[in-house]
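Colleague: I should be grateful for a close look at one part of this model, namely its salt bridges, together with whatever surrounds them that you consider worth setting out.

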Amino acid sequence: MRKMILLLALASGAAAANAGGILTNSNQSAQYVRMLSRNASTEMDAVYYNPAGLTLLKDGFHLSFNNQFLFQKRTIENDYPYLNNNSYAGDVTTPIFPTFFAAYKKDNWAIFAGFGPTGGGGKATFNNGLPSFETEVANLPVLLSQKGIPTTMYTRDMAFDGTSVIYGGQLGASYKVNEWLSVSAGARLSYSKNTYDGYLRDIKINPISPANPSGGFISAPEFFKALATNAAGAAASLQPLIAGNAGGLTLQQAQAAGALTPAQVAQISGGLGSSYNPTMTIATIQATYTGISNAFNANAAKTADKYVDVKQTGTGVTPIIGVNLTPTSNINIGIRYEFATKLKIKNDTKIDGTGSYADGKETNSDLPAILAAGIDYKIIPDLKVSASLTHYFDKDANWDGKEKFITDNLYELAFGMEYNVTEKMLVSGGFLYVQTGAGQGYQSDISYSLSSHSVGFGTGYKVTNKLTLNMAMLYTQYVEGTRMINYTNVGSIKETYKKSNMGFSIGFDYHF
């Protein structure tokens with residue numbers, strides 16, 4: 001059905017298993033997962049969160065490798081009355097979510113590099129499709145019954161696999177102006193890749209009609225083709241009468257003139273069902289049969305098997321500047337600004353059963369500007385508390401018009417705490433709140449943005465003086481969202497969106 005084309009709108013993050021903005025992953029290190037507030041970091045993940053803070057590292061080379069194991073559950077519930085099942089579940093599994101940071105610090109200078117999935121990541125699987133394109137299939141029994149063909153049920157085979165990821169490679173430098181001020185500048189090259197592989201096939205219905213006298217399940221395209229053939233045959237059977245100048249007669253007049261038998265009149269009028277009117281002329285009846293045949297042929301095409309195999313790619317560059325302030329020995333403040341990234345994704349289409357994803361077509365998918373600030377405060381030498389605020393300028397992004405449904409910019413507010421249990425071991429925990437600004441017009445079963453609450457905790461352990469191991473766990477519960485959808489001849493129906501994340505992370509920091 002035509003609604004299947006919406007499947008491919010998942011470019012805004014269906015496969016993402018992230019904490020952060022609509023298109024952006026904030027979870028870029030094991031330290032983040034165990035603390036959640038890192039905007040004032042002066043460790044290796046400062047490459048991403050606070051580049052200017054890298055000037056506080058010890059002189060030498062510093063490396064960091066991290067991986068996360070992320071699992072997301074999505075559930076969409078739609079109260080449309082004709083659906084076989086109103087609940088649709090999708091799983092996003094991300095077993096490999098790697099990030100890498102490197103820096104070289106010498107005197108007042110630090111140069112750095114980083115790489116990781118800064119947006120999306122993982123594979124989304126919806127084994128039962130989504131309600132946005134099943135509703136048209138669910139309408140078939142109702143529409144046929146209204147046309148005098150009793151139909152009560154339908155079946156279909158739907159599935160979808162999709163991936164959506166934005167890889168970011170970052171380079172830059174930091175400079176320590178004086179004892180309390182450092183600055184940084186750099187850029188990130190983003191490469192966006194989305195893949196979609198889905199189908200809607202084997203649609204069956206159970207009409208009771210001469211084309212399916214048993215009332216059992218029959219292929220919908222075959223049934224509609226049979227009805228189209230019958231209607232075309234009926235139209236053709238009237239052509240001799242029209243050629244004989246009887247096209248202006250009604251069926252009863254043609255019967256009275258001996259051109260039709262009572263049986264033929266009953267068959268011709270009965271074939272039109274509720275569309276028949278005794279005042280109709282034979283020419284009008286022929287045109288009606290022709291129209292019915294065309295409509296059934298169109299239904300056969302709509303219910304035919306549909307397959308989609310599309311890849312979308314695009315690149316963009318993000319300039320990034322930062323400032324780090326250390327007003328006292330126990331306070332550190334980090335500020336980072338990422339400029340908006342102009343990003344277009346281009347279709348590489350192998351199969352498009354919908355005819356709506358032209359090969360080579362480009363779509364705007366900008367990454368919004370980001371302003372991030374954080375503060376770390378050492379209450380005592382072994383206990384540090386942290387707070388972070390991150391603001392995403394979603395309303396200014398170009399998403400081909402979808403940004404007009406963003407009522408407010410999304411923001412994150414995080415708090416964390418870290419305690420040194422011993423000289424070698426520390427523990428930490430944190431809380432993150434994300435407030436989305438997506439309005440009802442933005443939300444759909446294809447792509448939705450929800451507010452959320454996250455908790456993270458973990459540990460860091462100095463294996464040696466040069467090597468530190470970080471391990472962490474993160475859980476995110478999203479605030480349930482709803483949308484009221486107006487369906488023709490049905491009215492306003494509620495659709496509900498649910499989501500939850502679970503993540504585990506391990507990381508190694510090494511310096512020499």
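**Salt bridges and their surroundings**

Modeller: In this predicted model, a salt bridge joins the side chains of Glu338 and Arg336, with 3.0 Å from N to O. Both partners are buried, and the reasoning is short. Glu338 has a relative accessibility of 4%, and because buried means under 20%, Glu338 falls in that class. Arg336 has a relative accessible area of 3% and is therefore buried as well.

A second pair can be placed beside this one. Asp45 and Arg38 meet through their side chains in a salt bridge, the N to O distance being 2.9 Å. Asp45 is buried, as is Arg38.

A third pair consists of Lys384 and Asp376, whose side chains form a salt bridge at 3.6 Å, again taken from N to O. Here too, Lys384 and Asp376 are each buried. This pair also belongs to a wider arrangement: Lys384 and Asp376 are linked with Arg34 and Glu418 in a network of salt bridges. Across the model, the count of salt bridges comes to 15.

Glu418 leads from the network to the largest pocket. Glu418 is one of the lining residues that lie nearest the centre of this pocket, the others being Thr42, Glu43, Lys378 and Lys462. The lining comprises 43 residues in total, and the space within the largest pocket is about 1200 Å³. By residue class, the lining divides into 16 polar, 14 nonpolar and 13 charged residues. Glu418 thus appears in both descriptions, as a member of the salt-bridge network and as a residue of the pocket lining.

For a view of a buried residue of another kind, one may turn to Ala235. Ala235 is located in helix H4, which covers residues 220-237. Its relative accessibility is 6%, which means that Ala235 counts as buried. Setting aside neighbours within four places in sequence, Ala235 is in contact with Gln286, Tyr289 and Thr290. A separation along the chain may also be given for Ala235: Asn347 is 112 residues away in sequence, and the C-alpha atoms of Ala235 and Asn347 are 44 Å apart.

To return to the starting point, the bridge between Glu338 and Arg336 has buried residues at both ends, Glu338 at 4% and Arg336 at 3%.

How values were computed: Residues numbered from 1 in each chain as written. Predicted model: local features only at pLDDT ≥ 70, side-chain atom pairs only at ≥ 80, totals over all residues. Heavy atoms only, no water. 1 Å grid on protein atoms, 1.4 Å probe; cavity = no way out; pocket = protein on both sides within 12 Å on 5 of 7 lines; lining within 4 Å. Points joined across faces, edges and corners; volume = space filled by probe spheres on them. Nonpolar A, V, L, I, M, F, W, Y, C, P; charged D, E, K, R; others polar. Salt bridge = Lys/Arg side-chain N within 4 Å of Asp/Glu carboxyl O. Buried < 20%, exposed > 50% of the residue type's maximum accessible area, 1.4 Å probe, protein only. Helix = DSSP H or I, 4+ residues; strand = E, 2+ residues; numbered from the N terminus. Contact = heavy atoms within 4.5 Å.
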